[in-house]
Amino acid sequence: MVTEQTIQRYEVAAQEDRCGPRTRLRIPGQLRASGGRAFQTVVNDLSISGFSASAINRMHPGQLCWMTLPGLESLQAEVIWWDNSQVGCAFAELLSPIVHDNIVSKFQSTSVYRSAC
């Protein structure tokens with residue numbers, strides 16, 4: 001059972017992790033907005049708390065979506081921002097550091113960087 005205290009702790013951790021290390025990479029995937037059809041996308045950066053990806057259709061902050069990456073089940077996320085065909089999303093549940101590291105080791109193209117928070 002998930003308590004309200006657990007949910008509040010996650011919300012705080014997710015916001016703190018938005019400034020955490022993000023890895024630039026190019027991962028082909030599928031993104032599906034709530035009530036919409038999945039479309040092909042490319043993930044541009046990834047952290048344990050979220051990602052940014054290409055999205056030619058406008059997406060709205062607060063909208064639920066699902067990201068499917070190679071070898072993984074769909075991951076639920078919430079749209080945080082959309083700008084000029086790019087979308088930034090926060091995962092509903094933090095990505096396991098082990099899963100994150102495995103993805104990065106397969107697809108990493110450049111070094112880790114910090115976003116401007």
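The following questions and answers introduce a predicted model of a protein chain.

Visitor: What pLDDT does the protein chain average?
Guide: This is a predicted model, in which local features need pLDDT of at least 70, side-chain atom pairs count only at pLDDT 80 or more, and totals for chains, interfaces and linings use all residues. Residues are numbered from 1 along each chain as its sequence is written, and side-chain values use heavy atoms, with hydrogens and water left out. pLDDT is the predictor's confidence in each residue, from 0 to 100. In the protein chain 75% of the residues score at least 70, and the average is 82.

Visitor: Over which residues is the pLDDT below 50?
Guide: Where pLDDT is low, the predicted coordinates should not be read in detail. The stretch in question still has 19 contacts (heavy atoms within 4.5 Å) in the model beyond near neighbours in sequence. It covers residues 110-117.

Visitor: What pattern do the helices and strands follow along the sequence?
Guide: Helices (H or I, at least four residues) and strands (E, at least two) are DSSP runs, numbered from the N terminus. The protein chain has two helices and seven strands. Read in order, the pattern is α-β-β-β-β-β-β-α-β.

Visitor: Why are the buried residues of helix α2 on the same side?
Guide: Buried means under 20% relative accessible area, exposed over 50%, and partly exposed in between, with a 1.4 Å probe and protein chains only. In α2, residues 97-107, the buried residues are His100, Ile103 and Val104. The arc, taken from the directions from the helix axis to the C-beta atoms, puts them on the same side of α2 because they cover only 100 degrees.

Visitor: Is the pair of Phe51 and Phe91 stacked, edge-to-face or tilted?
Guide: Rings of Phe, Tyr and Trp (its six-membered ring) pair if their centres lie within 6.5 Å; planes under 30 degrees apart count as stacked, over 60 as edge-to-face and the rest as tilted. By this rule there is one aromatic pair. The centres of the Phe51 and Phe91 rings are 5.4 Å apart and their planes stand at 45 degrees, so the pair is tilted.

Visitor: How far apart in space are Gly29 and Leu69, C-alpha to C-alpha?
Guide: Gly29 lies in strand β1, residues 21-33, and is buried, with a relative accessible area of 7%. Leaving aside residues up to four places away in sequence, Gly29 touches Phe39, Gln40, Thr41 and Thr68. Gly29 and Leu69 are 40 residues apart in sequence, and their C-alpha distance is 4.8 Å.
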